[in-house]
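This report considers side-chain contacts and ligand surroundings. The sequence and the structure are shown below.

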Amino acid sequence: MTKWAMVIDHQKCVGCGACIISCKNENNTPDGIYWSYKITETAGTFPNVRYHYTPTLCNHCDNAPCVRGCPTRAMHKAEGGITMHDPDKCIGCKYCMFNCPFGVIYFNWRKPHPEWHKKEALIEGCTTSPEEMVDIVGGKTIPYYNPERERTLDGIRPKGVVEKCTFCDHRIKKGLLPACVEACPADARIFGDLDNPSSVVNQLLGKYRAYRLNEHLGTQPKIYYIRSFNPGTYLQTKGEVS
Amino acid sequence: MNSAKKLFVPWMAVLLAGVGIGLFTAIVLLMKGHYLFNANDVLIWTLPLGGYVFFALTSTGLALVASLPSVFGLTQFEVLAKRLVFLAISTLVAAFICIGLELGSLTHMIYIMLSPNLSSPIWYMGALYSLELLFLVIKLWQMHMGDWHSIASRWLGSASMLCGVFAALMLGSVFGLTEARPTYFGPFIAIFSLIIAMLSGIAAIILYMNVCRWVSGACSKQADAAVNSLTRMFGFMLGLSLIFYVLKLALASAYTRPEFATAINFNLVLFLLIPYAMMLSKRLRQMAWAKTVAPAITLVGIFAVHMQILIGGQIRPVGPKAEGLPQVLSYFPSIWEILVIVAAVSTMLLLYTLGERWLKLDAAPE
Ligand code: SF4
Ligand code: SF4
């Protein structure tokens, strides 16, 4: 059985955010909704400070609390261990958001992409209105609409339901890598099958000590982080007492 | 009686206006979306959900007290039973209004039946409260028809009591099973919910009887003995709830993160402590004003405790949702959230008023 997983290599990640943008394009997500995002932290005490950048997405947990708690099974486990969501069954109770310890589920508080429903021209007598622009380009709600997303899920999810990363299941089914993996200029996201002993993911997990977010909660996340980016060095020392 | 009659029309007008506002709110929310609430992807559940928890648990408490005569043979409460069942129904309707207006998609509700998830506490909670409503309505009908002691009526009493107990436990589990939130404390919160349910139910009926007597002179005097016993039980439940609330605060500060035990948490103890102190005094227990003020303070306090638990567990953004947000969020309800509560309270009071007028709620077995 296939079990999809991802390794994120901190040493290679430059924090450019290409994964975040490519995900938004691929999945037609509205403003404020990020299936792929980041945690940025500064640590230490000035002047000895450092900065951490951790790319995030749904961990497709094996023991997913979002799936366990969903009253209608709208949130469910699908082929390859992917945590999928069915907007048709979702009653918008938001309990999955409450349950997810990783903060990766978002709610459609309003009609998606409201800015593209506007009928007033941007500059009167000069430009089209956003809605006309969508019509001319032939997109659905947004001009840069990606119809491929519709293969396994609503292309744009309606108001009143949640949404989150699907590991680009529509692409995997066609033998393509998730959009964020494809877009990463540093190849910091490595995708593969955890159940295949010779997959690159398994090779990397064998080679490097990996960690997962919130591992102590027992949700069995399938996003693994390896290495850390630190090009610096320091003078060899045993420290001091005073 | 006369003043009650004079007040009836304006009172009904106010309540009907409240229900009208509720309908308008429902339409606006369903058309525009829940961005009208002061909620966001971090603070997900707000005032309407707090209202739901409060009304649902109060209804459970009322139903539990109503079942004391038929299930445990405490016949002194029979004079209150019909009124209690009716109040439980009306309060549960208010809870359903709150949760209904909180949900994003009512049209998909059918999947609760078609695609149930038997590992979800929300599913059990919904199923149990729906069943409870059904049982309570049948029970009220039986009482109305004068059937108090038949086997079917006893069976219904037990079934609705069990439904109530498990519904309250499940409501608590909705919070208790979220490992993601450090302040919801697993099984503890389920038991806490059940205790608070009982306390709210008792407080609600004592307050109701006193207000009813004061406003209209109605609500039978025969019920006085029952209300007095309930007042003693009220003191006991206040004490028990206080212990559990302090225990919750201790858990919050000792076992999770000390900063969760804020000053607000401790201030809320007063809402239970003041009525508890009042109910300790035998003299005050017999005074109408004290029997009105103490349960009123308790109910306000319980509502505040529910809100504190609800919001307290959500104010810290989780994972990437912390990007661009402060470490701790602040919250104040939007006008639309307040209107949801107005709708629920108006409907509940409208039902109370109509029931009190037409349903002979003082009825008791011969
Ligand atoms: S990361 Fe969150 S949304 Fe994704 S499977 Fe785990 S619990 Fe569910
Ligand atoms: S919001 Fe939708 S997917 Fe999430 S728990 Fe509720 S019904 Fe399930």
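B:D362 is partly exposed, with a relative accessible area of 30%. In this predicted model, the side chain of B:D362 meets that of B:R83 in a salt bridge, with 2.9 Å from N to O. B:R83 lies in helix 3 (residues 78-102) of chain B and B:D362 in the segment after helix 12 of chain B, so the salt bridge ties together parts that are 279 residues apart in sequence. Unlike its partner, B:R83 is buried, at a relative accessible area of 0%.

Helix 12 of chain B itself covers residues 335-358, 24 residues in total. From first C-alpha to last, helix 12 reaches 34 Å, close to the 34 Å expected at 1.5 Å a residue. Just after this helix, B:K360 takes a positive phi of about 50°.

**Salt bridges**

Over all chains, the search of the whole structure finds 17 salt bridges. Three of them are compared in the table.

| Salt bridge | Closest N to O distance |
|---|---|
| A:K174 and A:E148 | 2.7 Å |
| A:E163 and A:R157 | 3.1 Å |
| B:R83 and B:D362 | 2.9 Å |

A:K174 lies in the loop between helix 5 (169-172) and helix 6 (179-183) of chain A, and A:E148 in the loop between helix 4 (130-137) and strand 7 (162-163) of chain A; the pair therefore ties together parts 26 residues apart in sequence. A:K174 is partly exposed at 39% relative accessibility, and A:E148 is partly exposed at 31%. By contrast, A:E163 is buried, with a relative accessible area of 2%, and A:R157 is buried at 1%. A network of salt bridges links A:K3, A:D62 and A:K222.

**Aromatic contacts**

The structure holds 21 aromatic pairs over all chains. One of them is formed by B:F135 and B:W155, an edge-to-face pair with 6.0 Å centre to centre and 80° between the planes. This pair links distant parts of the chain, as B:F135 is in helix 5 (residues 121-144) of chain B and B:W155 in helix 6 (residues 151-176), 20 residues apart. B:F135 counts as buried because its relative accessibility is 13%, whereas B:W155 counts as exposed at 56%.

Helix 12 of chain B also takes part in an aromatic pair. The rings of B:Y208 and B:Y352 have their centres 5.3 Å apart and their planes at 90°, so the pair is edge-to-face. B:Y208 belongs to helix 7 (residues 186-216) of chain B and B:Y352 to helix 12 of chain B, 144 residues apart. B:Y208 is buried at a relative accessible area of 12%, and B:Y352 is buried at 12%.

Aromatic residues of chains A and B come together in one cluster, formed by A:Y95, A:F98, B:W45 and B:F175. A contact of another kind joins A:R110 and B:Y35: the charged end of A:R110 sits over the ring of B:Y35, 3.8 Å from its centre. Within chain A, A:K24 lies over the face of A:Y34, at 4.7 Å from the ring centre.

**Ligand surroundings**

Which residues are closest to ligand 1? They are A:C58, A:N59, A:C61, A:C66 and A:C100, among the 14 residues that surround ligand 1. The shell divides into 10 nonpolar, three polar and one charged.

Ligand 2 is surrounded by 13 residues, the closest being A:C70, A:C90, A:C93, A:K94 and A:C96. The shell around ligand 2 divides into nine nonpolar, three polar and one charged.

Technical notes. Residues numbered from 1 in each chain as written. Chains lettered and ligands numbered in written order. Predicted model: local features only at pLDDT ≥ 70, side-chain atom pairs only at ≥ 80, totals over all residues. Heavy atoms only, no water. Helix = DSSP H or I, 4+ residues; strand = E, 2+ residues; numbered from the N terminus. Expected span 1.5 Å × (residues − 1). Phe/Tyr/Trp six-rings, centres within 6.5 Å; stacked < 30°, edge-to-face > 60°. Buried < 20%, exposed > 50% of the residue type's maximum accessible area, 1.4 Å probe, protein only. Lys NZ or Arg CZ within 6 Å of the ring centre and 35° of its normal. Near = heavy atom within 4 Å. Nonpolar A, V, L, I, M, F, W, Y, C, P; charged D, E, K, R; others polar. Salt bridge = Lys/Arg side-chain N within 4 Å of Asp/Glu carboxyl O.
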